[in-house]
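Work through the exercises below with the sequence and the 3D structure at hand. Each task is followed by a solution in steps.

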Amino acid sequence: MDRLLHVSAGVCLLLLVMVMVSVRRSHIRVEYSVTWLVAAAAMLALSLARPVLEYIRRLLGLPDTPLAVFLLGSAVFLVVFFRFTLIISRLRDDNVALAQRVAILEYHLRSLTGHES
Amino acid sequence: MTTRARGPGPLLVIVPAYNEEGAVGAVVREVKEQVPGVAVLVIDDCSQDATVAKAREAGAEVLALPHHLGLGGAVQAGYKLAFELGFGYVIRVDGDGQHDARDIPRILAKLKESGAEMVIGARMGREREQWRGRRLRALGTYFFRMVLRPILGKPVHDPTSGFVGVNRRALALFAASFPLEYPEIEALVVLQRRNFRFEEVPCQMRPRKTGRSSITALKSFSYITHVLLGVFVNILRYDGRRRRRGSGSSAGTGGGG
């Protein structure tokens, strides 16, 4: 049990460091790093605070703590994935609209300049 | 030449094309031959071949997308430009040569006489029999006809046909919102949810001249799943907005894009 929580804490710590390094190198935009940082910090806190984890386990009626860690981790990262799906969908719509606008503007420009090729 | 609207109710023929260098020139020439004086706009979905050059050689104007958007995105780009330029009617002809340009005047006449927002050039009767060999497509079409009948409140014979004419009301709607991936069936639902009407005209369909259909056997399951989901999402989306507004207004937007 302790080993599982240590591994979980280690993974979350690694995730925190990776996100921070990526933000510093501008590989991830700051606004999108917040979701990952909050998720990783939340999981790290849960992994280190065993009484809280036990309380949640009893609250959910789960038979053992590892299952609680697994379920909480899954729930947190499902929320993260959902948020990024929303963002990707919006970006896709914006991207399509932008590409169409560029094509239409190029068409108008070609019509104005008369440079049919 | 500039594709500008001329007088009341001018017609624009749009031809979405992706890697159709072998067929697009003939399609454009045939349209111009069958409907003299008509404006033809090829929407190039970022082809890697000579589609743009062939289309221009044949006398079409070209709306060249900067990257590949898929069929719905390409068709919507054409609708947006047509709406901006003030066209009253737009008829879509596929760039692979499957649609017979001799049917364009009949679709236009039906649009004008019926007042319906959309007219579909449909495989019906004998024409559908000729397509029996393509069993997968026939099965898919039959399935969607059954699904769409209660939703649309009337039978539709060929919901997957891309040979479609729209008037300016539908153009305004589709310029604002149009399904992106597989637009034909979802577009019918989008129209119906706004109390717009559609009609069908029996048309000739030919085997594609070159290239391969984007809908292969392997993609069919994905196609059916996506379209079904799109149909029901469009129904839910519209009803949700109507409830929030607290009125029965048919205005609003839906679909992707």
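The exercises cover helix packing in chain A, then burial and cores, then the contact between the chains.

This is a predicted model, in which local features need pLDDT of at least 70 and side-chain atom pairs count only at pLDDT 80 or more, while totals for chains, interfaces and linings use all residues. Residues are numbered from 1 along each chain as its sequence is written, and chains are lettered from A and ligands numbered from 1 in the order in which they are written.

**Exercise 1.** Describe how helix H1 (residues 2-24) of chain A packs on H2(A).

Solution. Helices are DSSP runs (H or I, at least four residues), numbered from the N terminus. The axes (lines fitted to C-alpha atoms over the stretch in contact, with angles from 0 to 180 degrees between N-to-C directions) come within 8 Å and cross at roughly 160 degrees. H1(A) is therefore roughly antiparallel to H2(A), the term for angles over 145 degrees. Next, list the contacts, meaning C-beta atoms, placed from the backbone, within 7 Å. On H1(A) they include A:Leu5, A:Cys12 and A:Val19, and on H2(A) they include A:Val30, A:Leu37 and A:Leu44. Finally, sort by class: 16 residues are nonpolar, three polar and none charged. Ala, Val, Leu, Ile, Met, Phe, Trp, Tyr, Cys and Pro count as nonpolar, Asp, Glu, Lys and Arg as charged, and the others, Gly among them, as polar.

**Exercise 2.** Do the same for helix H2 (residues 30-48) and helix H4 (residues 65-113) of chain A.

Solution. The two axes come within 10 Å and cross at roughly 175 degrees, which means that H2(A) is roughly antiparallel to H4(A). Among the contact residues are A:Trp36 and A:Met43 of H2(A), and A:Leu72 and A:Arg83 of H4(A). By class, this contact has 10 nonpolar, three polar and one charged residues.

**Exercise 3.** Which residues of helix H7 (residues 168-176) of chain B are buried, and what covers them?

Solution. A residue is buried if 20 or more other C-beta atoms lie within 10 Å of its own, with C-beta atoms placed from the backbone. In H7(B) this holds for B:Ala170, B:Leu171, B:Leu173, B:Phe174 and B:Ala175. Their cover includes helix H3 (71-85) and helix H8 (183-193) of chain B. Across chain B, buried residues make up 45% of the 257 residues.

**Exercise 4.** How many residues does each chain give to the contact between chains A and B?

Solution. Chain A gives 11 residues and chain B gives 16. The chain A side divides into six nonpolar, two polar and three charged residues.

Note on methods: Contact = placed C-beta atoms within 7 Å. Buried ≥ 20, exposed ≤ 12 C-beta atoms within 10 Å, placed from the backbone. Helix = DSSP H or I, 4+ residues; strand = E, 2+ residues; numbered from the N terminus. Parallel < 35°, antiparallel > 145°, perpendicular 65-115°, else oblique.
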